[in-house]
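Thanks, everyone, for making the time this morning. I would like to walk through one structure with you, starting from a single side chain and working outwards.

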Amino acid sequence: MPSYALISVSDKTGLAPFARGLADLGFHLLSTGGTAKALEAEGLPVSQVSEVTGFPEMLDGRVKTLHPRVHGGILARRDKPDHLASLAEHGIPLIDLVVVNLYPFAKAAADPSTPVPGLIEQIDIGGPGMVRAAAKNFRDVLVLVDPADYPRVLEALAAGTVPQAMRFELARKAFAHTGAYDQMIASELAHVTMDETGGARVPAGEREAFPEAVTRSLSRIRTLRYGENPHQPAAWYADGPTGFGRVTIHQGKELSFTNLLDLDAAARIVLEFSEPAASVIKHTNPCGVATGADAADAYVRAREADPLSAFGGIIGLNRPLDVATAEAIVTTFIEAVVAPAVDPAALAVLGKKANLRVVTADFAALASADALEWRSILGATLVQQRDRVIEASQPWSPATEGLKVVTKRQPTAQEWQALRFAWRVCAHVKSNTILFASADRTLGVGAGQMSRVDSVKVAMMKAGEGNLQGSVVASDAFFPFRDGLDAIAAAGATAVVQPGGSVRDEEVIAAADEHGIAMVFTGRRHFRH
């Protein structure tokens, strides 16, 4: 009995050479519609599915593969004589290979001009049925949904056998493919309103952020040596094709769970800046952040903000990693660095530190990554919109909308610049946060303390005695009492930015006026837990 390969794909990447390879191995090519035309255009012999079913495509192509002569040939178990006898009785050929990827629903959904009827027409029916049937019968039928698998499958077929492990791997991939497809459809249809006129798609800016039900499809990038501690198994999954779901690792030891958390923290900070910026991270908190004339200048200044803590840190850069920056990095022990790109010549320098992990990512994609963030708690998942310091996206001045100077003294031009710098970094430090800064560098960071006064003390300790004269301060939330304000004044700060909103705001404002400190309220809090 001849062996059939049923091919029906919307993504025709690599189709012609793969189909030619199958034909050379003796497969009879069976296809539908556009795929059949594409194969014929390549000079390949191909039969239409309608020739096997004895029934023409109908209903504008909605019905073509939904037929016992197709599904019987896929689902029949080759180890059951009665299954094979049934096929022979009804003249149904065996289909040993199913190559299907589904209608481009994602492409239609991504186009806001696609009307609801057009969206509905891109919901594949027969394709998922064939994929699931082949995946269920994986011991006898190969199923391919990803063109990347074509070469290795051809190689295995040419060698005479396809191992069961490979067959099962392809089946799992197929079920993941159809599962993700259904999830994508359900997610998009959640943003469709329907009435007697035929329905409408809700514009992207008006869509409900938190629908009643959410399904996520994650693909494993790799297992990790362990999680936060050696006794905790862990893995790294992609939550889509952007951000840390798609990075390039150029060198270094295997990335750890905590490395990835720190790389994320490092990237988040430098993404707040349009000018060259660098962050040095320890345990997800910045020990130094700075801007500079270029990446090397920014990095050195960030490192020197707290050189003791920078030892063994994680670096984030918002500019390509060049030779000068690489030479500065290798002068001390650094665990990992993330940047939008790395110069080939810089890799030669970084290679002197073989264990240093060097990661690049599409920073434009990082900046526009999913607006929702997910965090698991025991037995539940919390979802929130990503926190962005949009109020500091442009230079600050007395005329900046949303900012309110609440003290008698206005900030100077230099203080406005420093306050904006401090505010952008402060949002990425674990609360309670007190951050001392100059116009372009952190001076002392007090992170994660249980009281704001303790955060001031930690920041002062990190800065060193006498180094905070003329500095500014950012506080991620309001000062509940004047003691915090008194402490930063004693340290030498001359201006402070905070959200405001405490019942004791007047007391804190009065304290600032007593010390001659300029204070700005943003009306926007940036806790980070």
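Let me begin with Asp149, which is buried, its relative accessible area being 5%. Please keep in mind throughout that what you see is a predicted model.

Which side chains meet that of Asp149 in a salt bridge? One is Arg152, where the N to O distance is 3.1 Å, and another is Lys173, where the corresponding N to O distance is 2.9 Å. The pair formed with Lys173 links distant parts of the chain, since Lys173 belongs to helix α10, residues 164–189, while Asp149 sits in the loop between β5 (142–144) and α9 (150–159), and the two residues are 24 apart. Neither basic partner shares the buried label of Asp149: Arg152 counts as partly exposed at 27% relative accessibility, and Lys173, at 30%, counts as partly exposed as well.

For the wider setting, a search of the whole structure finds 18 salt bridges, and I would like to take one further example from elsewhere in the chain. The side chains of Arg482 and Glu514 meet in a salt bridge with an N to O distance of 3.0 Å. This pair, too, links distant parts of the chain, with Arg482 in helix α19 (residues 482–491) and Glu514 in helix α20 (residues 505–515), 32 residues apart. As for accessibility, Arg482 counts as partly exposed at 24%, whereas Glu514, at 56%, counts as exposed. Returning for a moment to where we started, salt bridges that share partners join Asp146, Asp149, Arg152, Glu169 and Lys173 into one network.

Now to the two helices that carry the second example. How do α19 and α20 lie relative to each other, roughly parallel or roughly antiparallel? Their axes come within 8 Å and cross at roughly 20 degrees, and because angles under 35 degrees count as roughly parallel, α19 and α20 are roughly parallel to each other. The crossing of α19 and α20 is right-handed. On the α19 side the contact is made by Arg482, Leu485, Asp486 and Ala489, and on the α20 side by Glu507, Val508, Ala511, Ala512, Glu514 and His515, so that both members of the salt bridge we just discussed, Arg482 and Glu514, appear in that list.

Let me turn to the cysteines. How many disulfides does a search of the whole structure find? The count is zero. Cys287 is in no disulfide, and the nearest cysteine sulfur, that of Cys426, is 16 Å away, which is to be set against the cut-off of 2.5 Å for a disulfide. Cys287 counts as buried at 9% relative accessibility. Cys426 is likewise in no disulfide, its nearest cysteine sulfur being that of Cys287, and Cys426 also counts as buried, at 0% relative accessibility.

I will finish with helix α8, residues 126–136, in which eight of the 11 residues are buried, so the helix is largely enclosed by the rest of the structure. The buried residues of α8 are Gly126, Gly127, Pro128, Met130, Val131, Ala133, Ala134 and Ala135.

Notes:
Residues are numbered from 1 along each chain as its sequence is written. This is a predicted model: local features need pLDDT of at least 70, side-chain atom pairs count only at pLDDT 80 or more; totals for chains, interfaces and linings use all residues. Side-chain values use heavy atoms; hydrogens and water are left out. A salt bridge is a side-chain nitrogen of Lys or Arg within 4 Å of a carboxyl oxygen of Asp or Glu. Buried means under 20% relative accessible area, exposed over 50%, partly exposed in between (1.4 Å probe, protein chains only). Helices (H or I, at least four residues) and strands (E, at least two) are DSSP runs, numbered from the N terminus. Axes are lines fitted to C-alpha atoms, for helices over the stretch in contact, and angles run from 0 to 180 degrees between N-to-C directions. Angles under 35 degrees count as roughly parallel, over 145 as roughly antiparallel, 65 to 115 as roughly perpendicular and the rest as oblique. A crossing is left-handed if the near helix is turned anticlockwise from the far one by less than a right angle, and right-handed if clockwise. Contact means heavy atoms within 4.5 Å.
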